[in-house]
Amino acid sequence: GLVARHRFRHFAAPESCRHIRIAQSAQLLHRRLNIGTYMYRALNSPALLLRELAFQDPDAFSIVFDLGKAHRLAIRRRDFQLRPEWSFVGSNSNNRRADLALLFRGQPILIAEIKEDDFGNASNAAQLKDYMAYIGKDYSEARFYHVSRYTPIEADRQILDKATAKGLPVKELRYRDILDRLLKAKTAKPHPFTDMLLDYMEDIGVTRYQPIDFADETNEVSFFLAQALGFPHAHGLGKLQSRQTENAVPGVFKRMFDNIEAIAEWIRERNRDLFKQRFGRKYRPYMCYDPKGLSKALARTESNDWVELPGLGGKAPQYGYVYFFGIGSIRSESWLRLEIGMSLLIDLKPADDQGHLKLYLSACFYGERLSWKKTNEEVELTGFPSEKQAQRHYAQLIRRARDKAIKDGTYSRQLEQFQI
């Protein structure tokens, strides 16, 4: 099932590329890895996936790890060694094993520690200090990569920042960074193994935050909102329709959902004891009417008529928004949720000169004995924030919502543990 799901069909058909597929299959067999064994090992070891990427698509591997020209040529010529579980000596003569090491002429030029299942382990700090001790030695030419699905916890972050401040060659690489770089590699030179990796990362839920530029993408976002909300043609929004805006609609949906998930994972990774499962993602459209215009339109209809809302063929809708949100279940004796939201709003009669597109960020806690209305916090933005800006906004919103919920007293014990 996993083999089929992760698109190993790319290594078979079509007939037009048969010689290429045979050559690639031969490479796998040459390393004594049949496809079933390979997938079992790869899916349980990101290090093996990256190692295989170097053999299958060396250009993509070079892009992922930002290798220089000389080392890129060495990768292409197979003039290198890639060793999972590479042994080295850290501080106090501690013997450590790097998840992956790239050796050139017998010397390591890249060592990587890959974190997922052991993320947040208390022993990680000592492990990182040993890495820093090794790359800080005079004879070391290796760059250290901290590869993880999530942002490092504060203790690990301080070690990495301190090493960077000293000028040590330390790099951080999140799974979403790998996703971005694989997409870049695919654009430059497609490869079936890179396609498989991209599919795999999508299937395990790796997302990236992608701001929407209201200045450059006004038509696309406005058309998306007009279609999602069902605005009538009387508002003139039908003029936005084009092949470009039509094709952009699925992309707007995906980017908004990805942005919600990116923020949700950022929250969850800081509170892994409270959130055992990923946030669920949903969306809802909301149409807001001009009461007078709506009353007049309804008055002109007969009582036995079917009235199609929204619209009425006129300009009763005044503005509307699509609410994208994520819901996380917090461990508690009675059910408790955190909801974070992003609302894309289109105002058909703006009262200012700031444009008709706006974004609202929101956060609230609610539960069996707590109403969302008691804790809801939101902020209005006229532009889409960067990821760091969004994190700052949500940190402030969630802190205020948490303080309100704690003041209510019902879930004080659980929420006092909440970190943001």
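Colleague: How many aromatic pairs does a search of the whole structure find?
Modeller: Happy to start there, with the reminder that this is a predicted model. The search over the whole structure gives a total for aromatic pairs, and that total is 24.

Colleague: Is the pair of Phe224 and Phe253 stacked or edge-to-face?
Modeller: The ring centres of Phe224 and Phe253 lie 4.9 Å apart. Pairing needs centres within 6.5 Å, and planes over 60 degrees apart count as edge-to-face. The planes here stand at 85 degrees, so the pair of Phe224 and Phe253 is edge-to-face.

Colleague: Which of these two rings is buried, and which is partly exposed?
Modeller: The cut-off to keep in mind is that buried means under 20% relative accessible area. Phe253 has 21%, so it counts as partly exposed. Phe224 has 1%, so the buried residue is Phe224.

Colleague: How many residues apart are Phe224 and Phe253?
Modeller: This pair links distant parts of the chain. Phe224 sits in helix H11 and Phe253 in helix H12, and the separation along the chain is 29 residues.

Colleague: What kind of pair do Phe253 and Phe324 make?
Modeller: Phe253 belongs to helix H12 and Phe324 to strand S7, 71 residues apart. Phe324 is buried, at 0% relative accessibility. Their ring centres are 5.9 Å apart and their planes meet at 75 degrees, so the pair is edge-to-face.

Colleague: Which helix supplies the largest share of the largest nonpolar core?
Modeller: That core has 52 residues, and among those touching the most other members are Ile267, Leu338 and Phe365. Elements that each supply at least two residues include H11 (218-229), H12 (243-269), strand S7 (317-330) and helix H14 (387-408). The largest share is 10 residues, and the helix that supplies it is H12.

Colleague: How many residues are in the second, separate core?
Modeller: Ile63, Val64, Ala74 and Leu179 are among its members. This second core stands separate, and its number of residues is 38.

Colleague: Let's turn to the open sheet. Which strands stand at its edges?
Modeller: Five strands make up this sheet, in the order S1-S2-S3-S4-S5, with mixed pairing. An edge strand has a single partner strand, so one side of it is left without a neighbour in the sheet. The strands in that position are S1 (81-89) and S5 (170-174).

Colleague: Do S2 and S3 run parallel or antiparallel, and what about S3 and S4?
Modeller: S2 and S3 are joined by five bridges and run antiparallel; Leu102 stands opposite Leu110 in S3. S3 and S4 are joined by six bridges, with Ile114 having Val147 in S4 as its bridge partner. The direction of S3 and S4 is parallel.

Colleague: Which residue takes a positive phi in the hairpin of S2 and S3?
Modeller: The hairpin has two residues between the strands. A positive phi near 55 degrees is found there, and the residue that takes it is Arg105.

Colleague: What is the bridge partner of Tyr145 in S5?
Modeller: Strand S4 (residues 143-148) is joined to S5 by five bridges, and the two run parallel. Tyr145 has its bridge partner in S5, namely Lys171.

Colleague: How many of the nine residues of S3 are buried?
Modeller: Strand S3 is largely enclosed by the rest of the structure. That follows because the buried residues of S3, out of nine, number eight.

Colleague: What angle does the direction of helix H7 make with that of S3?
Modeller: Helix H7 (residues 124-135) packs on the sheet and touches S1, strand S2 (95-104), strand S3 (107-115), S4 and S5. Neighbouring strands of the sheet are turned by 35 degrees against each other on average, direction ignored. For helix H7 and S3, the angle is about 165 degrees.

Colleague: Is Asp130 buried or exposed?
Modeller: Asp130 is found in helix H7. Leaving aside residues up to four places away in sequence, Asp130 touches Phe88, Gly90, Ser91, Asn94 and Arg96. Its relative accessibility is 1%, so Asp130 counts as buried.

Colleague: Which residues do ring pairs link into a cluster?
Modeller: One of them, Phe88, is also touched by Asp130. The cluster joined through ring pairs consists of Trp86, Phe88, Tyr131, Tyr134 and Phe144.

Conventions
Residues numbered from 1 in each chain as written. Predicted model: local features only at pLDDT ≥ 70, side-chain atom pairs only at ≥ 80, totals over all residues. Heavy atoms only, no water. Core = buried A, V, L, I, M, F, W, Y, C linked by side-chain atoms within 4.5 Å. Buried < 20%, exposed > 50% of the residue type's maximum accessible area, 1.4 Å probe, protein only. Helix = DSSP H or I, 4+ residues; strand = E, 2+ residues; numbered from the N terminus. Pairing = 2+ DSSP bridges. Axes fitted to C-alpha atoms, helices over the stretch in contact; angles between N-to-C directions. Contact = heavy atoms within 4.5 Å. Phe/Tyr/Trp six-rings, centres within 6.5 Å; stacked < 30°, edge-to-face > 60°.
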